[in-house]
Amino acid sequence: MFSRLRRLRTFLAPRPGDAPPVRPHARQHNIFEAAAVYVAGCAEDDQEQMDEAVTWVSPEALSFGISELACRAVIALARERDESPQTVARSLLGLPAA
């Protein structure tokens, strides 16, 4: 009985030449990189750049990255202008001051 199991295990065991060739993985992009490329593409009216960034991450992840980028940009501009983030955000969107 044990000899049969041993032969079966030997028969089913992978052989050295059976392993598929290892291919290098494509570079993974993170959500913030995708958001930066997408938003820069929007600002530069570069549809190819935007289309490429969309393929790097899921739509939800891209949306989160864009939101995070917007928050960081508004905070940076608010500090630079010595204004509140709300004032800067409204100004960027062309809205009247609150």
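Start by selecting Ala-34, Ala-35, Val-37, Ala-53, Trp-56, Val-57, Ala-61 and Leu-62: these eight residues form the largest nonpolar core. Colour them by element of secondary structure and you will find that helix 2 (31-43) and helix 4 each contribute at least two residues to this core. Helix 2 provides the largest share, three residues. Keep in mind as you go that this is a predicted model.

**Zoom out for the overall fold**

Now show the whole chain as a cartoon. You should count five helices and zero strands, and from the N terminus on the order reads α-α-α-α-α. Switch to a surface colouring if you like: of the 98 residues in the protein, 15% count as buried. For a feel of how the chain comes back on itself, take the contacts between residues at least 6 apart in sequence; 38% of these join residues at least 24 apart.

**Helix 2 against helix 4**

Return to the core and select helix 2 together with helix 4. Their axes come within 8 Å and cross at roughly 70°, and the two helices are therefore roughly perpendicular to each other. Next, show side chains for the contact. On the helix 2 side, pick Ile-31, Phe-32, Ala-34, Ala-35, Ala-36, Tyr-38 and Val-39; on the helix 4 side, pick Ala-61, Leu-62, Phe-64, Gly-65, Ile-66, Glu-68 and Leu-69. Colour the selection by class and you get twelve nonpolar residues, one polar and one charged.

Stay a moment with Ala-35, which belongs to the largest nonpolar core. Which residues does Ala-35 touch, leaving aside its neighbours within four places in sequence? Its partners are Leu-62, Gly-65, Ile-66 and Leu-69. Of these partners, Leu-62 is also listed in the core, and the four residues are part of the helix 4 side of the contact with helix 2.

**Helix 4 against helix 5**

Follow helix 4 (residues 59-81) along to helix 5 (residues 85-92). This pair packs at an angle of about 110°, with the axes 8 Å apart, which makes helix 4 roughly perpendicular to helix 5. To display the contact, select Val-74, Leu-77, Ala-78 and Arg-81 in helix 4, then Pro-85, Val-88, Ala-89, Ser-91 and Leu-92 in helix 5. The classes here are seven nonpolar, one polar and one charged residue.

**Two loops with a positive phi**

Between helix 4 and helix 5, centre the view on Asp-82, which sits in the loop joining them. Its phi is near 55°, a positive value in a residue other than glycine. Is Asp-82 buried or exposed? It is exposed, with a relative accessible area of 74%.

Then move back along the chain to Asp-45, in the loop between helix 2 and helix 3 (47-54). Asp-45 also has a positive phi, about 55°, although it is not a glycine. At 70% relative accessibility, Asp-45 counts as exposed.

**Last stop: the cysteines**

Finish by selecting Cys-42 and Cys-71 as sticks. Cys-42 is partly exposed, with a relative accessible area of 38%. Cys-71 is partly exposed as well, at 42%. How many disulfides are there in the model? The count comes to zero, going by a cut-off of 2.5 Å between cysteine sulfur atoms.

Technical notes: Residues numbered from 1 in each chain as written. Predicted model: local features only at pLDDT ≥ 70, side-chain atom pairs only at ≥ 80, totals over all residues. Heavy atoms only, no water. Buried < 20%, exposed > 50% of the residue type's maximum accessible area, 1.4 Å probe, protein only. Axes fitted to C-alpha atoms, helices over the stretch in contact; angles between N-to-C directions. Parallel < 35°, antiparallel > 145°, perpendicular 65-115°, else oblique. Contact = heavy atoms within 4.5 Å. Nonpolar A, V, L, I, M, F, W, Y, C, P; charged D, E, K, R; others polar. Core = buried A, V, L, I, M, F, W, Y, C linked by side-chain atoms within 4.5 Å.
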